[in-house]
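Here is a short briefing on one chain. Please keep the sequence and the model in view while reading.

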Amino acid sequence: MTLKIYNSLTRKKEDFKPVEKGKIKMYVCGMTVYSDAHIGHARTYFAFDIIRRYFEYKGFKVTYVQNITDVDDKIIAAANREGVDPLEYSKKFTTKCLDDLDHLGIRRADLYPKASETIDDMIKLTEEIIKKGYGYESDGDVYFSVEKFTEYGKLSGQKLDDLMSGVRIDPEDKKHNPFDFALWKSSKPGEPSWASPWGRGRPGWHIECSAMSSKFLGLPFDIHGGGMDLRFPHHENEIAQAEAATGKEFARYWIHIGLLTINGEKMSKSIGNIVNVKDLLSRWEPEVVRFFFAQAHYRSPPDFSEKALENSKKGLDRIYRIKEKLEECIAKKEKSSEDANKEFDEAISEFKSSFESAMDDDFNTPQAVSSIFDFVNTGNRFFEKVKNPNSNICKKAHDTFIKLGNILTLFQDEKKDYGKIHDDILKQLRKFASSYTTDVEGKTIEDVIDLLLEAREEARNKKDWNTADSIRNNLDRLGFEIQDTAEGPVWRKKMI
RNA sequence: GGGCGGAUAACAAAGGGGCUAUGUGGCGGACUGCAGAUCCGCAUACGAGGGUUCAAAUCCCUCUCCGCCCUCCA
């Protein structure tokens, strides 16, 4: 199957062909580091993480570059407010933001070039733009002349004439055309600045991405992406700069991620509804958040809400149950050859191919997830029907699960760990356990639960349903699901 | 105003001329002391109006509504 990608540049799904056989070079616009990473960043970078992982799954060698904007008006403003050096300030938030994404389980890019460390390349590129007649200096600033670049507007599908209508011309403006944008800005006192042919100053925003992507990936490269909001003007300007300066094609496929909303509203500072990754992770397991993202197509705007996360949590739990069943089956080392085993074996292959064709179709993760649930249902039916599931088949199913799940960064946990709430849960567990049994101090979670289940069995034998149900409810409340089976009670840790 | 993209059951969300999407929730049944999990069954869909077609949620036209961008926001 060929991989199809929706290319924002052509507004069509296209068969993907890499510039260089077997290799993918991708560049994604990174964060401006002046506050903590938020859920919108997470959504975008998780989407690209999946895209990168799927390329790898298909056997490509991927080079993934994501820039860090550490020189910027907002950074300078924030740093000045706190009375610290802007570059120190952005350095601190670079670490914080990347850490936040780490905690969410988003794999890091191969390279994070920083604007502050690529100034020379930006100056060179700006010089080249001026030399080719696409840029001009105006009172210490340097601007790109959009009128000179005849293809300006090709990414966003806009014509310069259309853009011009309705724009007010500011006579004080140093620009020739209101859509001209800064390549280099002269610096004011207190701002970080670098020496340049046009005096001390700092680069404009757009130039950094043109410079870094061509420096680290070469032109043309395969994938360029970012949030939908960056399509215009940022990405439009990147194309203009890079192609004007080099005469080469810039990027082949443009991928834009749909912007997340919160309870149906745009996430913004003015509404005050920005959700930080840190806050999010104090309430939800990272995997639940990732699963929530995977359930929306990357081009659609997902709507974040507690209810949506709750929903994802339940779905994910359903998937983990079958994974645990497969693990039990593997442990039994059963070699039976009932016919149902063969049917299940076939279902595994179907699962793999439907998952792949979903991903091949413009990284359709919701459809891939749907194929996972189809497989979960088949698996549940299998375990319902077959007396002695064959361990090798279970192993094969489990392997497939892990391998495909890895593309979405899901289902990789060997055993659910108890996360950071471990201590608190154990404390509560011991507290209520002490009213049913003795010697709970110093015992592990597993031991305490076993003691409670023993107490519950005693109660059940005496038909003391109140006690039995109370123990079960309390365990459930703490995230431990109790099930009475023919072989006695079993427990498992639920998703939280 | 210009550009881009949407409207699918209670909610979320894929699909895109004939084939049960899927998840959560709801209803009924099996199992259970009762639950839970799981299984079996059921219900509720394609914004409105036209058109093309043997057949339209899907293609075409018109309309209504919504979101995003055109402000250095992923």
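**Domains and basis**

The domain assignment, automatic or from a database, splits chain A into domain 1 (4-257), domain 2 (306-407) and domain 3 (419-493). The centres of domain 1 and domain 3, taken over C-alpha atoms, are 55 Å apart. This is a predicted model: local features need pLDDT of at least 70, side-chain atom pairs count only at pLDDT 80 or more, and totals for chains, interfaces and linings use all residues. Residues are numbered from 1 along each chain as its sequence is written, chains are lettered from A and ligands numbered from 1 in the order written, and side-chain values use heavy atoms, without hydrogens and water.

**Sheet**

- Four strands (DSSP E runs of at least two residues, numbered from the N terminus) form an open sheet in the order β4-β3-β9-β10, with parallel pairing.
- Its edge strands are β4 (61-66) and β10 (251-257), each pairing on one side only.
- Pairing requires at least two DSSP bridges; β9 (residues 221-227) and β10 have six, in the parallel sense.
- Gly226 stands opposite His256 in β10.

**Helix pair**

- Helices are DSSP H or I runs of at least four residues.
- Helix α15 (residues 445-461) packs on helix α16 (residues 465-477) at about 155 degrees, with axes 7 Å apart.
- The pair is therefore roughly antiparallel, a label for angles over 145 degrees.
- Axes are lines fitted to C-alpha atoms over the stretch in contact, and angles run from 0 to 180 degrees between N-to-C directions.
- Contact means heavy atoms within 4.5 Å; among the residues that meet are Leu452 and Leu453 in α15 and Trp465 and Ile471 in α16.

Definitions and conventions: Parallel < 35°, antiparallel > 145°, perpendicular 65-115°, else oblique.
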